[in-house]
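Colleague: I'm new to this one, so could you walk me through it? I'll ask, you answer.

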Amino acid sequence: AQTHELPEKVLRYRTVGKLKSTYVDSLQNLVNRKTGRVHTSFNQTITVTGRLSSSNPNLQNIPARTEEGRQIRQAFIPEEGHILVSGDYSQIELRILAHCASDKILIEAFNNDEDIHKRTALEIFQVLPEFITKQLRDHAKTINFGIIYGMSAFRLAKDLGISRKMADTYIDHYFKRYCGVKQFIDSTIEQAEKTGEVSTIFGRKRRLDDINSSNANLRNFARRAAVNTPIQGSAADLIKLAMIKMDKALKDNGMKSKMLLSVHDEIIFETPFEEKDSLISLA
């Protein structure tokens with residue numbers, strides 16, 4: 001696709017075709033005749049991280065990055081006299097990482113309400129703040145989340161379009177500056193190898209039977225899961241707690257607002273116009 005227009009057009013066709021079949025065509029057939037609305041089913045125990053998943057239809061992956069995807073999102077409208085309100089946690093997984101790793105730089109950055117990706121760019125690329133470009137910030141963002149998901153230097157090089165040696169250098173710089181994160185990763189994997197499991201901050205456990213497997217692929221996957229689960233799993237626990245507390249708060253305050261959807265670290269509400277400000281302050 002980068003060197004010839006034909007594969008670019010094939011990819012474009014696939015993208016548009018998927019949008020049409022998955023959303024434009026199928027969603028119309030899923031409208032409930034009695035309510036005139038689309039209803040999803042939430043699954044409590046499908047995902048290994050503990051997140052709620054959504055099915056028939058999956059309303060958690062409505063596209064937003066492309067113009068066509070944003071047009072599809074515009075088809076989701078609230079009841080007359082109501083608006084949709086979205087509340088989400090800011091950088092929840094990186095904040096949990098800062099907590100679990102007790103990393104001084106991450107904690108300092110969040111306490112000072114800094115742009116965490118810009119701060120990471122400063123730490124890794126070792127340049128003055130005025131030289132942090134959007135590209136450098138985007139690279140730092142990829143590294144920040146890549147660390148959580150156990151991204152290899154090979155994958156990082158591919159995603160950023162840089163050499164393997166440069167990717168190794170970036171990761172080395174990250175761990176030298178964020179030494180608490182490095183210690184957290186090593187100790188979490190070591191503990192998982194001993195016990196065969198990891199747990200979230202709230203004590204929900206996940207078995208990792210392949211953590212000591214002789215198969216390198218299975219073992220490396222389990223190691224990545226060992227690091228990711230306490231972070232992403234704890235974020236999943238927090239959003240469920242938030243949903244429980246918001247449900248009680250809406251009832252206690254006699255509000256007509258309703259929770260419609262949980263999308264990872266975000267809760268979407270449908271609220272009457274007159275309750276908008278009250279709901280925002282409550283959330």
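Colleague: Which backbone oxygen does the side chain of N212 reach?

Modeller: Keep in mind that this is a predicted model. N212 sits in a loop, the one between β5 (205–207) and α10 (216–252). From there its side chain comes to 2.9 Å from a backbone oxygen, and that oxygen belongs to E193.

Colleague: Is N212 buried or exposed?

Modeller: The cut-off to remember is that exposed means over 50% relative accessible area. N212 comes out at 52%, so the label is exposed.

Colleague: How many Å apart in space are N212 and S55?

Modeller: Along the sequence, N212 and S55 are 157 residues apart. In space, going from C-alpha to C-alpha, the gap between N212 and S55 is 34 Å.

Colleague: Let me step back. How many helices and strands does the chain have?

Modeller: The chain runs to 283 residues, and 37% of them are buried. Its C-alpha atoms fill a box of roughly 60 × 55 × 45 Å along the principal axes. As for the elements, the chain has 11 helices and 7 strands.

Colleague: In what order do the strands of the open sheet come?

Modeller: Start from the pairings. β3 (residues 82–88) and β7 pair in the antiparallel sense over 7 bridges, and β6 (residues 258–263) pairs with β7, also antiparallel, over 5 bridges. That gives an open sheet of 3 strands in the order β3-β7-β6.

Colleague: Which are the edge strands there, and what does the twist average?

Modeller: The sheet reads β3-β7-β6. An edge strand pairs on one side only, and that fits β3 and β6. From one strand to the next, the twist averages 25 degrees.

Colleague: Why is β7 described as largely enclosed?

Modeller: β7 covers residues 266–272, and buried means under 20% relative accessible area. The strand is largely enclosed by the rest of the structure because the buried count among its 7 residues is 6.

Colleague: Which residue of β6 stands opposite I268?

Modeller: I268 belongs to β7, and its bridge partner on the β3 side is S86. Also in β7, I267 has G87 opposite. Over in β6, the residue opposite I268 is L261.

Colleague: Which turn residue between β6 and β7 has a positive phi?

Modeller: β6 and β7 form a hairpin, with 2 residues between the strands. One residue in that turn has a positive phi of about 60 degrees, namely H264.

Colleague: Now the rings. Why is the pair of Y174 and F175 called edge-to-face?

Modeller: The whole structure holds 3 aromatic pairs. For Y174 and F175, the ring centres are 5.6 Å apart and the planes meet at 85 degrees, so the pair counts as edge-to-face. The cut-off for that label is planes over 60 degrees apart, and the angle here is 85 degrees.

Colleague: Which residues make up the aromatic cluster, and which residue lies over the face of F175?

Modeller: The cluster consists of Y174, F175 and Y178. Y174 is buried, at 0% relative accessibility, and F175 also counts as buried, at 19%. Lying over the face of F175, at 5.1 Å from the ring centre, is K182.

Colleague: How many disulfides are there?

Modeller: Take C100: the closest cysteine sulfur is in C179, 16 Å away, so that is too far for a bond. A disulfide would need the sulfur atoms within 2.5 Å. The count of disulfides therefore comes to 0.

Colleague: Is C179 buried or exposed?

Modeller: C100 is partly exposed, with 25% relative accessibility. C179 has a relative accessible area of 52%, so its label is exposed.

Colleague: One last thing: which side chain does S54 contact?

Modeller: S54 is in strand β2 (residues 53–55). At 6% relative accessibility, S54 counts as buried. Its side chain makes a polar contact of 2.6 Å, and the partner is the side chain of T40.

Key. Residues numbered from 1 in each chain as written. Predicted model: local features only at pLDDT ≥ 70, side-chain atom pairs only at ≥ 80, totals over all residues. Heavy atoms only, no water. Phe/Tyr/Trp six-rings, centres within 6.5 Å; stacked < 30°, edge-to-face > 60°. Buried < 20%, exposed > 50% of the residue type's maximum accessible area, 1.4 Å probe, protein only. Lys NZ or Arg CZ within 6 Å of the ring centre and 35° of its normal. Helix = DSSP H or I, 4+ residues; strand = E, 2+ residues; numbered from the N terminus. Pairing = 2+ DSSP bridges. Polar contact = N/O pair within 3.5 Å; in protein donor to acceptor, adjacent residues only side chain to side chain. Axes fitted to C-alpha atoms, helices over the stretch in contact; angles between N-to-C directions.
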